[in-house]
Amino acid sequence: MTYSADRKRGEEVQVGDLVRHTAGMQLGSGLVMQVGESDRCGGAVVTVLWSSSGNLRYCSRPYLEVLNEGR
C-alpha cells in the first residue's frame with residue numbers, strides 16, 4: 001500500500017519510512033533520515049538517503065510517496 005507523504009497531522013512522513021519521489025524514477029526509492037520543521041508554505045524539508053546514488057539529498061514532503069512505514 002502506498003500513500004502520500006503529506007498526510008494529516010500525526011501521520012506525516014517519519015524517519016525510517018521508505019519513500020519514492022513522485023516526479024520521476026531517477027532517484028529511485030530512499031530511506032527518510034530526517035524530517036525538518038514545516039516551512040512557510042506548509043511543506044517540510046525531508047532528508048532522504050536515495051538508493052540510486054547512495055547520497056543524502058533534501059526533498060519537499062509533498063513530492064514524496066511513502067512505500068513502507070518504518071517502525
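Start by selecting Leu31, which is partly exposed, with a relative accessible area of 36%. You are looking at a predicted model, by the way. Colour by secondary structure and you'll see that Leu31 sits in strand β3, residues 29–38.

**Stop 1: a greasy patch**

Keep Leu31 selected and add Met33, Leu49 and Leu56. Together, Leu31, Met33, Leu49 and Leu56 make a nonpolar surface patch of about 330 Å². Switch on the surface to see it. While the surface is showing, take in the whole protein: its accessible surface comes to about 4700 Å², and 50% of that belongs to carbon and sulfur atoms.

**Stop 2: zoom out**

Hide the surface and go back to the cartoon. How many helices and strands does the protein have? The count is zero helices and six strands. Walk along the sequence and the pattern reads β-β-β-β-β-β. There are 71 residues here, and 32% of them count as buried. Now think about who touches whom: taking contacts between residues at least 6 apart in sequence, 39% join residues at least 24 apart.

**Stop 3: strand β4 and its partner**

Next, select residues 44–50, which is strand β4. Is this strand mostly covered or mostly open? Mostly covered, with five of its seven residues buried. Now add residues 56–60, strand β5. β4 and β5 run antiparallel, and five bridges join them.

Follow the chain from β4 round to β5 and you go through a hairpin that has five residues between the strands. Click on Gly54 in that hairpin: Gly54 takes a positive phi near 70°.

Here's a tip for viewing strands with side chains on: in a regular strand the side chains alternate between the two faces of the sheet.

**Stop 4: Thr47**

Stay in β4 and pick out Thr47, which has its place in that strand. Look straight across to β5, and Tyr58 is the residue standing opposite Thr47. Is Thr47 buried or exposed? Thr47 counts as buried because its relative accessibility is 8%, under the 20% cut-off.

What surrounds Thr47? Leave out residues up to four places away in sequence, and Thr47 touches Leu31, Val32, Met33, Gln34, Leu56, Arg57 and Tyr58. You've already met some of these names: Leu31, Met33 and Leu56 belong to the nonpolar patch from the start of the tour.

**Stop 5: the salt bridge**

Now show Glu65 and Arg20 as sticks. Side chains of opposite charge can pair when their charged atoms come close. A search of the whole structure finds one salt bridge, and this is the place to see it: Glu65 pairs with Arg20, with the closest N and O atoms 2.8 Å apart. The pair links distant parts of the chain, since Glu65 is in strand β6 (residues 64–68) and Arg20 is in strand β2 (residues 18–21), 45 residues apart. Draw a distance line between the two side chains and you'll also be marking a polar contact, again at 2.8 Å.

How covered are the two partners? Glu65 has 17% relative accessibility, so Glu65 counts as buried. Arg20, at 24%, counts as partly exposed.

**Stop 6: along β6 to Asn68**

Slide along strand β6 until you get to Asn68, which is found in that strand too. Asn68 counts as partly exposed, at 47% relative accessibility. Try a C-alpha distance here: Asn68 and Arg20 are 48 residues apart along the chain, and their C-alpha atoms are separated by 10.0 Å. Leaving aside neighbours within four places in sequence, Asn68 is in contact with Asp17 and Leu18.

**Stop 7: finish at Leu18**

Make Leu18 your last selection. Leu18 lies in strand β2, and this residue is partly exposed, with a relative accessible area of 32%. Which residues does Leu18 contact, leaving aside neighbours within four places in sequence? The list is Ser29, Gly30, Glu65, Val66, Leu67 and Asn68. Among them is Glu65, the residue you saw in the salt bridge with Arg20.

For one last click, draw a line from Leu18 to Val48. The two are 30 residues apart in sequence and 9.1 Å apart in space, C-alpha to C-alpha.

Methods: Residues numbered from 1 in each chain as written. Predicted model: local features only at pLDDT ≥ 70, side-chain atom pairs only at ≥ 80, totals over all residues. Heavy atoms only, no water. Salt bridge = Lys/Arg side-chain N within 4 Å of Asp/Glu carboxyl O. Helix = DSSP H or I, 4+ residues; strand = E, 2+ residues; numbered from the N terminus. Buried < 20%, exposed > 50% of the residue type's maximum accessible area, 1.4 Å probe, protein only. Pairing = 2+ DSSP bridges. Contact = heavy atoms within 4.5 Å. Areas by Shrake-Rupley, 256 points an atom, 1.4 Å probe, with all protein chains shown as cover. Patch = residues over 30% accessible without salt bridge, like charges linked within 9 Å, V, L, I, M, F, W, Y side chains within 5 Å. Polar contact = N/O pair within 3.5 Å; in protein donor to acceptor, adjacent residues only side chain to side chain.
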